[in-house]
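Please examine the structure displayed below. This report describes its nonpolar cores, its domain assignment and its chain contacts.

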Amino acid sequence: MEIRKPASAGTLESSDAMVTVEPGTGIELSLTSSVMNQYGRQIKKTVLETLERLDVKDAKVTVVDKGALDCTIKARVECAVFRSCDKSENNIDWGGVIR
Amino acid sequence: MIPRPKPERFRLRRTMMFLSAQKPGLTKDAYIYGVDSIMLDLEDAVAENQKDAARFSLYHTLKTIDYGDTEVIVRINGLDTPHWKEDIRVCVAGGADGIRIAKCESAQDVLTVEKHVEEAEKEFGVEVGRTLLMAALESPKGILNAYEICAASPRMFGCAISGGDFRKCMQTKFTPSGIDMLTARGMMLIAARAAGVQCFDTVYTNLKDEEGYRAEVMQNKEMGFDGKSLINPKQIRLVHELFAPTEKEITQAEKIVRAYREQSAAGVGVFTVDGKMIDIAFIPGAERTLKLARACGLYEGDLV
Amino acid sequence: MKNAVGRDIPDYLLTNGKEVYQGKNYMDGKYITKASPKTRRYEKPQESKVVATIADALRQCNCKDGCTFSFHHHLRNGDYVANMVIAAAVEELGIKDITVAATSLGSAHDVIADYIEQGIVTGIQTSGIRGRIGDVVSAGKLKTPAIIRSHGGRPRAIEAGEVHIDIAVIAAPTSDCVGNCRGIGGKHNCGSMGYAMMDAKYADYVIVVTDDLVEFPNMPASVKAIDVDAVVVVDSIGDPKKIASAAARISENPRDLMMAENVAKVIASTPYFKDGFSFQTGVGGPSLAANLFLEKYMDERNIKMGWAIGGICGPMVEMLKKGKVGKVIDVQDFDLDAVNSINQTPNHFEMSASQYANPANKGAFVNKLDFVVLAALEIDTDFNVNVLTGSDGVLRGAPGGHPDTAAGSKCCVIVTPLTRGRMATVCEHVVTVTTPGDCVDVLVTDYGIAVNPLRPDLIECLDNAGIPHVSIESLKEKAYSLVGRPDDLQWEDKVVAILEARDGTILDVVRKIKPYTVDQE
């Protein structure tokens with residue numbers, strides 16, 4: 001998917017994450033987390049895997065994590081990417097590209 | 001991925017707790033409080049511009065979190081919104097046990113949802129018929145059509161009244177005695193029983209008023225509701241406490257069932273237990289009491 | 001050298017008779033020689049000890065480079081006094097090489113972190129370390145390792161001469177002109193002054209700092225004029241909003257309530273739960289809420305609590321007033337209800353930190369405790385508890401009375417949610433052992449209860465009462481299955497803090513944390 005415009009999803013509440021995607025060249029990830037020392041690498045891995053699954057090759061991605069579980073991080077990244085492509089509202093490929 | 005067992009159409013549903021599907025802090029382990037059913041909400045608890053995000057969250061919640069024996073139902077947006085079709089798709093794809101149809105007013109509403117559920121089941125390779133349905137009756141029309149709604153589909157397991165919207169339609173306010181909704185509750189109960197489905201009461205929103213809450217739950221029990229919708233985990237315990245059969249009721253039911261089995265084996269149809277005349281008509285009630293007692297952890301015998 | 005909780009203690013710390021932790025009650029029966037301070041005689045009658053400024057008082061008390069100051073934390077996060085005194089010593093007297101020996105340090109003392117960074121404050125000894133001081137000490141900026149002791153371990157160390165206090169500074173809500181102090185009757189009241197009492201007795205010099213000079217004699221005095229050298233009157237000793245909250249409320253969080261109910265269930269299942277039982281609870285959400293549910297069981301069985309100790313807050317005072325508890329003995333007050341009750345409500349008494357929790361004296365209250373309910377930042381599968389370091393390895397907690405009450409009580413219940421955000425509270429190895437597992441009996445979480453296998457008697461109690469319980473390993477596995485297994489923290493060799501067990505042996509050390517990047521593998 002091609003990131004055409006800035007979009008974000010999520011909140012800064014505890015157990016959530018705020019994910020913002022913007023047009024960029026290559027994947028440029030900026031990550032801050034309340035559990036950085038213990039889960040920073042896992043969060044990064046989850047974000048990058050999700051982007052790869054969505055076939056996002058070029059994007060500036062900002063993740064502000066407040067202790068979200070992996071399933072929440074995935075959901076926030078996916079929603080931000082789909083919003084950026086104006087495809088978040090319907091006909092989502094549940095179980096396919098979203099899994 | 002957590003594979004969920006096939007949903008049971010009739011199971012214990014004393015408590016159904018609403019949670020916003022968009023709040024990860026709430027949804028990640030709401031089952032720990034021992035609620036019978038969790039109601040993940042895509043409707044009123046989710047802001048209009050977050051419906052999409054809530055669906056992504058819901059999908060991964062359903063696929064990741066092990067809710068164990070707790071039933072997982074999703075409240076979808078009303079049929080008058082642009083959201084409900086995608087809501088149905090995500091519910092079915094995620095493997096929710098059931099869908100609560102918001103603002104249901106007719107059998108046609110149920111059939112419309114059912115059609116889309118079936119399509120989604122086929123699309124996502126889910127066993128056709130797996131996804132259960134229940135209806136939220138929120139308007140006078142919904143109450144008047146309660147019977148046809150409840151009987152509209154073999155997927156239907158029950159109906160619930162939604163107090164806030166109903167009172168708005170009726171131009172009434174909450175009253176502690178429940179007089180404002182007495183007729184509606186009664187009509188809905190009669191319809192549900194006639195259609196052979198379960199019936200659930202609305203939420204009690206004043207968390208501070210413990211006495212008022214107790215009175216309403218007691219009234220629910222006395223009117224014959226199967227359960228109640230809740231907004232906070234701390235409301236669970238009282239419902240389970242009050243809906244549980246008493247020790248006396250359990251002993252009585254045990255005696256009736258045991259006597260019936262002995263007498264009918266001997267060819268006797270009518271007999272007495274503790275001086276009261278008993279016949280076959282008493283048996284389903286007694287058995288239900290024992291089943292409920294077992295579910296509440298109060299009965300360990302082998303009669304049911 | 002490895003100690004009894006499996007922690008590796010560097011040999012270079014084991015000098016001057018310092019030993020590693022050997023297990024509960026290891027020091028029982030040993031003898032100590034108590035240290036005594038060198039104090040000035042004031043034979044000639046003095047009209048008043050009031051001096052104009054803190055700097056004047058410090059000069060009068062021979063404040064020199066290398067000085068060890070003691071402070072109490074009864075003003076909690078509202079304290080102004082520690083900062084004022086250190087600032088006066090540094091800025092006006094030019095003192096260097098200062099050791100701050102406080103009963104606790106928090107975010108109120110962030111400016112002391114600056115003096116640590118400047119190399120002026122070179123030693124920290126405390127029971128609690130939070131805010132910026134925790135950050136700079138964790139970053140290795142303090143010249144010597146901080147020494148962390150429990151509330152009982154501190155008076156033990158003072159008596160044994162392991163901490164020698166040159167100048168004790170007593171922040172006092174009220175004082176008279178010769179230094180009789182009370183925690184009540186003033187503008188910024190704190191109630192009990194239990195943590196200040198030992199300091200005044202064992203320091204060479206004692207300075208009282210008050211903002212409410214009252215008529216002589218200020219009675220009954222918590223710190224007495226017989227130990228005081230100078231009295232300084234300042235505009236304000238603290239921020240009243242942060243000294244004592246209006247009233248500690250019982251949590252309405254359903255998770256806290258669920259856990260609290262299970263705590264009460266566990267307590268009620270033991271043989272110690274009988275008329276006259278003794279009890280301490282923390283003020284954290286689920287710990288405090290346990291009071292509420294315990295009261296129900298007390299009513300049901302028609303029994304009363306004999307006495308309660310600890311940091312005290314409103315709900316316990318309420319129970320005292322209702323006659324549900326016989327006596328409340330109070331080392332610290334957490335809210336205004338407690339502040340306004342101490343020495344006012346019949347049977348609400350004050351006690352010193354030593355009387356409360358010192359393992360080396362002859363009759364600490366903790367040793368008579370039936371139950372204590374405590375929180376935890378982390379607890380591992382050996383039941384070791386950490387209340388000092390965050391899961392990221394940074395100092396931001398306080399052993400307080402945790403290890404003392406756990407060791408002294410017959411039944412120590414830890415109550416904590418299984419996870420906080422993404423952090424697993426029940427884990428494989430706690431970052432720092434602050435309370436050894438041999439002192440912890442039952443763990444209550446929102447996902448289940450576990451009993452220490454060292455207590456088969458309690459396991460039987462729970463079984464008899466039909467209270468389900470699981471192994472602590474299964475709780476740990478559940479936690480990791482929810483949040484994932486965290487990466488191990490990476491440490492440097494440098495020890496930034498030494499954690500003393502209450503008996504003075506070394507229980508654990510905290511090292512400097514290595515910087516973390518998401519890219520390293």
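The text that follows treats the cores, then the domains, then the contacts between chains. The model is a predicted one.

**Nonpolar cores**

In general, nonpolar side chains in soluble globular proteins tend to be buried together. In this model, the largest nonpolar core contains 274 residues. Cys159(B), Ile170(C) and Val413(C) have the most contacts inside that core. Leaving aside residues up to four places away in sequence, Ile170(C) touches His72(C), Cys181(C), Ala196(C), Ala200(C), Val206(C), Val208(C), Val209(C) and Val223(C). Another core, of eleven residues, lies apart from the largest one. Its residues include Ile256(B), Val257(B), Leu290(B) and Leu292(B).

**Domains of chain B**

Chain B is assigned domain 1 (15–243) and domain 2 (247–295). Taken over C-alpha atoms, the centres of domain 1 of chain B and domain 2 of chain B are separated by 34 Å.

**Contacts between chains**

Which elements of chain B give two or more residues to the side that touches chain A? They are α1, α2 and α3 of chain B, with the bounds α1 (24–27), α2 (51–64) and α3 (84–94). The largest share of this side, eight residues, comes from α2(B). In the contact of these two chains, 17 residues of chain B meet 21 residues of chain A. The contact between chain C and chain B takes five residues from chain C and five residues from chain B.

The table gives the composition of two of these sides.

| Side | Nonpolar | Polar | Charged |
|---|---|---|---|
| Chain B, touching chain A | seven residues | five residues | five residues |
| Chain C, touching chain B | four residues | no residues | one residue |

Key. Residues are numbered from 1 along each chain as its sequence is written. Chains are lettered from A and ligands numbered from 1 in the order in which they are written. This is a predicted model: local features need pLDDT of at least 70, side-chain atom pairs count only at pLDDT 80 or more; totals for chains, interfaces and linings use all residues. A nonpolar core is a set of buried Ala, Val, Leu, Ile, Met, Phe, Trp, Tyr and Cys residues joined through C-beta atoms within 7 Å. A residue is buried if 20 or more other C-beta atoms lie within 10 Å of its own, exposed if 12 or fewer, and partly exposed in between; C-beta atoms are placed from the backbone. Two residues are in contact if their C-beta atoms, placed from the backbone, lie within 7 Å. Ala, Val, Leu, Ile, Met, Phe, Trp, Tyr, Cys and Pro count as nonpolar, Asp, Glu, Lys and Arg as charged, and the others, Gly among them, as polar. Domain bounds come from an automatic or database domain assignment. Helices (H or I, at least four residues) and strands (E, at least two) are DSSP runs, numbered from the N terminus.
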